[in-house]
Each structure stands twice: as structure tokens, then as C-alpha cells.
Amino acid sequence: MSNGHPFPDLVGAATGVGSLPGTDAREAARTSTGALEHLPFLPELPARGPGADMIGRSAGLLVELFAQTEPSGWRFADRPGRDTRRAHSWLGEDLDALEEFTQDYRGALKVQAVGPWTLAASVELKHGEKALADPGACRDIAGSLTEGLRRHLADVRKRVPGAEVVLQLDEPLLPAVLAGEVKTASGFQRLRAVDRQIAEEALRELVRGLDAPVVVHCCSPRVPLPLLRRAGVAGVSVDFSLLTEREDDALGEAVEAGTVIFAGVVPSTDQALSDPAGSVQGVRTLWRRLGFAPELLGRRVLVTPTCGLAGASPSHARAALSLSVKAARSLVDNPE
């Protein structure tokens, strides 16, 4: 069950995970919109520094919660400071660039933000422990993020009126949060595992509170697929190389329930790229193993790089997006 906002009906589509190399917002927007006809995305450019990184950008979206950088990383603060202003300024710059390159665009458009559990596992409270250690703080982060994302989605729709906006929540630390593997601020111990029902409920509330289909991206092993499906997400984005046959049943159930799979198959750092059909051979093999109709493949699976492209050269980033598009097309043309 999704939040009542089904994923747009896309056939043979590809997209990027979120980050691109470099510091030029216009160049990044040109790359995203030029390479990705069916699902362009709002690029993130972490090379600009604190506030443009994934955690800083999402901390900047929070309502009535503020964060700043300390030597140990991000920490909540009493009032907005330089880092918050920087995050807002860069997001504004990125949105201006996207708006410029999406004049008269009609169709699906993806934006990304860090999910509540990865945010709580990454930002420290004022006294120095991770927010994840405090259940009240976790609730506050989820509520503040929901409100911030509502405003962000409204702003994107105002700037790109023809967009069918999809929100991707980045939750790379969710498996560690559920397994009790997140280290304390000192690094010597681990924080207690968050109860799976509490984790699921927080995600469900957030997904329900937003007027857009939500995709959760998790580029770690042991993605909790059943939990995400029950929380109502419309899609899951995974690094395909980390999946094992142990996940077959959970993946099959997700696809049967209507969940869209974003298959991260194209290398996100500079290395030789295989041909489009070869890139998605593993996806075809899995689809056969699960016993689904071949003609469904191009409708239910999108192709992406394995993770963000911030660590790639600009030429590799462009090649990876272009290969993702061709690979997605090959799933439609040759599903068997």
C-alpha cells in the first residue's frame, strides 16, 4: 500500500540517485534534464562543502530545528547560523537552475532528501550524543522533516508547474539503525537498535503526510523491504549488486504489491561501463527467477547508477546517466 499517490506510469525510464560532481548548479541541471527524458532529478552538489552535502541540505529543510557543523560533524543548534543559510542558498541556486532547464516540461521529476532515521543517526544533539539515542528527538526530527518537505514539494511544483513530483528519501543508515550498529558519538559503543515497529510507524507517518509518491533509496546490504512496503512507499531504490537470493521473496512481494524497483546497476565511480543489455542482465535473471511476466519488466523496474555520482568525473557521470537510459530501454525492447 502506498500513501495513495501511485508512482507515475513510466515505461523504460532511468534516473540518477541524486548527487553529481562539480560545483556548477546550471551545468548539473543541464546534465540531469538533458540526459533523463522521463525522470530528471534535482541535482545535489556536495563538492561545494557543508550545507551542500546530503545531511546539511536535509537539515536545512527542517522546520524550527537548526543544525551547524562542528569538528565532529553536524549538530543541532539553538538558532539558524551560517551553515543553515548556506544550505538554503545552495538549494535556492539549484532550484533556480532546475527551473531554467525545465521550462514547459511536463512529466515526472524527482527530488531527494535524507530520511528521518539516517538524519537522526547522523546529527548530534546539543550535548553531543547522536539524536538517534533520544526517542523524543527522533519524533521531533520526523515531524519537522515532514513539514519541511511539504514546503519544499510546494516550491518545486510552483517552479515547475508541469511536474509530477516524486520524492526520494535517502536512508542508507536504516539497516544499521534497525540492527543496533550505529556508533555512539564517542565511537566506542553502539546505540540500541530502534524497534522495527517504531521505525516503520515514523516512516508511515511521514509518507502519509506528503502529497507525492515516496521512494526510499538504501544503498546498503539488508534493505528492510517488507518494512518499507508496509510503510507505504511507492518504490525502493537499491544497489543491485548488494542483493542476494535471500531477498527474492521480499522483492517478489514488493513487486506484487505494486512497488516500483529502482535497480542501481551502472557503476557510480569511474570504471569501464558494459553495454546497455549487459548492465541489466542480472535484472532480467532475477525477474525470470521471480516468475513475473517479461512485459511487466520495463514498467516496474527503473534503471539508475548504483549510488550518487559525486565521486565520479563529469564525463563518467554523463556516461553513466546515458547508459542507464539505454539499459532501461533494453528492458522494454528485450525483456527476456
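Colleague: At what angle do helix H9 (residues 248-256) and helix H11 (residues 281-290) pack?
Modeller: This is a predicted model, in which local features need pLDDT of at least 70 and side-chain atom pairs count only at pLDDT 80 or more, while totals for chains, interfaces and linings use all residues. Residues are numbered from 1 along each chain as its sequence is written, and side-chain values use heavy atoms, with hydrogens and water left out. The axes of H9 and H11 (lines fitted to C-alpha atoms, for helices over the stretch in contact, with angles from 0 to 180 degrees between N-to-C directions) lie 10 Å apart. The packing angle of H9 and H11 is about 85 degrees.

Colleague: What are H9 and H11 to each other, roughly parallel or roughly perpendicular?
Modeller: Angles under 35 degrees count as roughly parallel, over 145 as roughly antiparallel, 65 to 115 as roughly perpendicular and the rest as oblique. With an angle of about 85 degrees, H9 and H11 are therefore roughly perpendicular.

Colleague: How many residues of the contact of H9 with H11 are nonpolar?
Modeller: From H9, the contact (heavy atoms within 4.5 Å) involves Asp 248, Leu 251, Gly 252 and Val 255, and from H11 it involves Leu 286, Trp 287, Arg 289 and Leu 290. Ala, Val, Leu, Ile, Met, Phe, Trp, Tyr, Cys and Pro count as nonpolar, Asp, Glu, Lys and Arg as charged, and the others, Gly among them, as polar. One residue of the contact is polar and two are charged, and the number of nonpolar residues is five.

Colleague: Which aromatic pair is edge-to-face?
Modeller: The structure holds two aromatic pairs, where rings of Phe, Tyr and Trp (its six-membered ring) pair if their centres lie within 6.5 Å, and planes under 30 degrees apart are stacked, over 60 edge-to-face and the rest tilted. One pair has 5.6 Å centre to centre and 85 degrees between the planes. It links the segment before helix H1 (25-35) with strand S7 (residues 260-266), across 255 residues. The edge-to-face pair is Phe 7 and Phe 262.

Colleague: What is the relative accessible area of Phe 262?
Modeller: Buried means under 20% relative accessible area, exposed over 50% and partly exposed in between (1.4 Å probe, protein chains only). Phe 7 is buried at 12%. Its partner Phe 262 is buried as well, with a relative accessible area of 0%.

Colleague: What is the angle between the planes of Trp 287 and Phe 292?
Modeller: Both residues are buried. Their rings form a tilted pair, 5.1 Å centre to centre, with the planes at 45 degrees.

Colleague: How many residues of helix H2 (residues 54-61) are buried?
Modeller: What covers the buried residues of H2 includes strand S1 (66-70), strand S2 (73-77) and helix H3 (82-101). Among the buried residues are Ile 55, Arg 57 and Leu 61. Of the eight residues of H2, the number buried is seven.

Colleague: What is the relative accessibility of Asp 83?
Modeller: Asp 83 lies in helix H3. Beyond its neighbours within four places in sequence, it contacts residues including Pro 50, Thr 69 and Trp 74. Asp 83 counts as buried, at a relative accessibility of 6%.

Colleague: What is the radius of gyration of the chain?
Modeller: The chain has 13 helices and eight strands, these being DSSP runs (helices H or I, at least four residues; strands E, at least two) numbered from the N terminus. The globule rule, 2.2 Å times the number of residues to the power 0.38, gives 20 Å for 336 residues. The chain is close to that value, so it is as compact as a globular protein of that length. Taken over C-alpha atoms, its radius of gyration is 19 Å.
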